[in-house]
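Biologist: I'd like to learn how to read a model like this one, feature by feature. Can you walk me through it?

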Amino acid sequence: MMKIKLNFLLATLAFILAASPAFAQEVKVIKYKELEQIRNAPHDTLYVVNFWATWCRPCIKEMPYFEALTEQYKDQPVRVMLVSMDAAEDLESRVKPFVQKRNLKSDVLLLDEVDANSWIDKLEPKWSGAIPATMVFNNKKKQYEFVEGELSQEALQRIISKYKP
Amino acid sequence: MKKANLYFVYLMCLLFVGALLAASPANTGYQVGDTARDFKLKNVDGKMVSMADHKDAKGFIVTFTCNTCPYSVAYEDRIIALHNKYAPKGYPVIAINPNDATASPKDSYADMQQRAREKNFPFPYLHDETQEITRTYGATRTPHLYIVQKQPDGKYKVAYIGTIDDNSRDASKVEKKYAEAALNELVAGKPISQPNTKAIGCTIKWKEA
């Protein structure tokens with residue numbers, strides 16, 4: 001019982017850390033469990049989770065549109081999370097310099113999981129694994145949308161305006 | 001009036017279903033068990049290649065891959081190894097580059113020829129210029145494998161769709177060789193225990209509509 005409580009506490013803490021805007025500009029390395037916690041976050045917040053990598057050209061092309069959302073909704077319960085699929089070994093050499101150089105304001109996470117086959121279907125069976133991919137959800141309002149592939153700014157705005165607070 | 005209303009509802013339903021279909025291009029390709037069509041695509045040596053040319057093959061490891069995706073590059077040596085191991089057992093690799101050269105200039109035919117020379121590919125490396133085969137198969141990322149088995153009636157049945165193994169970053173740390181496991185079962189005449197696997201990969205670079 002005690003253990004369950006502690007686990008819950010840790011999970012909550014991990015989630016708060018992962019979700020805290022104070023950690024923007026940092027890159028938090030997470031495991032699938034933590035991604036799952038974000039996906040299941042019970043809050044009345046619109047999460048915009050974008051899967052990208054420093055080596056993915058279309059991801060970099062659409063990134064400013066996500067950054068624009070962070071700016072546009074900074075005072076509202078909208079949270080943009082950029083989840084990098086880069087290798088954890090490339091955190092210091094590639095991902096952090098990229099985040100610094102572009103002065104990213106959204107939360108940046110790095111998912112440190114090697115075997116994507118073990119988690120993709122759990123997260124979203126429709127996802128083939130190609131990036132970029134984006135999921136938008138507000139669990140409190142039971143809203144959810146998933147898009148595989150590059151988004152134009154208009155397409156992203158259209159999705160957000162459907163669900164925005 | 002009522003009739004017009006009904007008609008309107010019907011029309012909206014049609015539109016809605018149409019929009020749904022249009023919005024889900026990911027699920028339109030082959031599923032395991034489907035019959036895969038043959039193709040006739042230009043190889044890096046200038047010759048046209050079809051599955052039907054390989055009379056002795058029991059099937060093929062049709063691999064959608066390219067020059068530019070870091071995951072594809074990371075897997076090049078493992079694709080060569082797959083070919084060298086399974087071609088003698090009747091399952092050679094046929095690599096197909098699905099990317100549009102305008103959208104991804106380093107995937108041009110000339111660049112493919114150069115890469116095939118550099119890596120000395122022991123298998124054909126074909127250019128799907130119209131992207132018709134890629135669309136028909138339903139490949140979405142690189143690398144993306146379709147293992148097909150030739151049936152007694154000459155048709156090609158899709159036996160496996162997915163990834164090569166569980167570690168794109170480091171071949172030395174691979175624990176699960178998904179494609180090899182499927183091929184071993186196929187060669188042994190056993191049902192494939194894990195016929196669908198997934199991996200993170202690069203989106204295919206489609207022609208501008």
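## Reading the model, step by step

Modeller: Let's begin with chain A: from the N terminus on, its elements run α-β-α-β-α-β-α-β-α-β-β-β-α. That comes to 6 helices and 7 strands. Keep in mind that this is a predicted model.

Biologist: How much of chain A counts as buried?

Modeller: Of its 165 residues, 36% count as buried. Now look at contacts in chain A with a separation of 6 or more: residues 24 or more positions apart account for 71% of them.

Biologist: Which residues touch the most other members of the largest nonpolar core?

Modeller: The general idea comes first. In soluble globular proteins, nonpolar side chains tend to be buried together. Here the largest nonpolar core has 89 residues, and A:Val48, A:Ile131 and B:Ile147 touch the most other members. Strand S2 of chain A, residues 46–52, gives the most to this core, with 6 residues. If you click on B:Ile147, look for the residues it touches further off in sequence, including B:Gly59, B:Tyr160 and B:Leu186.

Biologist: What is the strand order in the open sheet of chain B?

Modeller: The 8 strands go S1-S9-S8-S4-S5-S6-S2-S3, with mixed pairing. At the edges sit S1 (35–36) and S3 (48–49) of chain B, each pairing on one side only. S1(B) pairs with S9 (residues 156–162) of chain B in the antiparallel sense, over 2 bridges. B:Thr35 stands opposite B:Lys157 there. Two helices of chain B pack on the sheet: H2 (residues 70–86) touches S4 and S5, its direction making about 150° with that of S5(B), while H5 (residues 178–187) touches S4, S8 and S9 and makes about 5° with S8(B).

Biologist: Back to chain A: why are the buried residues of H2(A) on the same side?

Modeller: Think of the helix geometry. An α-helix has 3.6 residues a turn, so residues three or four places apart point the same way. In H2 of chain A (residues 32–39), A:Glu34, A:Leu35 and A:Ile38 are buried. They lie on the same side of H2(A) because they cover an arc of only 100° around the axis.

Biologist: How many residues does each chain give to the contact between them?

Modeller: Chain A gives 19 residues and chain B gives 17. On the side of chain A, helix H5 (120–123) and strand S5 (130–131) are the elements that give two or more residues. That side divides into 10 nonpolar, 4 polar and 5 charged residues. There's strand pairing across the chains, too: S5(A) and strand S10 (residues 201–203) of chain B run parallel, joined by 2 bridges. A:Ala130 stands opposite B:Gly201.

Biologist: What about backbone oddities?

Modeller: Most residues other than glycine have a negative phi, and most peptide bonds are trans. Against that background, the peptide bond between A:Ile131 and A:Pro132 is cis, with omega about 5°. So is the one from B:Thr142 to B:Pro143, with omega near -10°.

Biologist: Which residue in chain A has a positive phi without being a glycine?

Modeller: A:Asn103, with phi near 50°. You'll find A:Asn103 in the loop between H4 (91–102) and S4 (107–111) of chain A.

Biologist: Why does A:Asn103 count as exposed?

Modeller: Count neighbours: 12 or fewer other C-beta atoms within 10 Å makes a residue exposed. A:Asn103 is exposed because it has just 8.

Note on methods: Residues are numbered from 1 along each chain as its sequence is written. Chains are lettered from A and ligands numbered from 1 in the order in which they are written. This is a predicted model: local features need pLDDT of at least 70, side-chain atom pairs count only at pLDDT 80 or more; totals for chains, interfaces and linings use all residues. A nonpolar core is a set of buried Ala, Val, Leu, Ile, Met, Phe, Trp, Tyr and Cys residues joined through C-beta atoms within 7 Å. A residue is buried if 20 or more other C-beta atoms lie within 10 Å of its own, exposed if 12 or fewer, and partly exposed in between; C-beta atoms are placed from the backbone. Helices (H or I, at least four residues) and strands (E, at least two) are DSSP runs, numbered from the N terminus. Two residues are in contact if their C-beta atoms, placed from the backbone, lie within 7 Å. Two strands pair if DSSP finds at least two bridges between them. Axes are lines fitted to C-alpha atoms, for helices over the stretch in contact, and angles run from 0 to 180 degrees between N-to-C directions. Ala, Val, Leu, Ile, Met, Phe, Trp, Tyr, Cys and Pro count as nonpolar, Asp, Glu, Lys and Arg as charged, and the others, Gly among them, as polar. The arc is that of the directions from the helix axis to the C-beta atoms.
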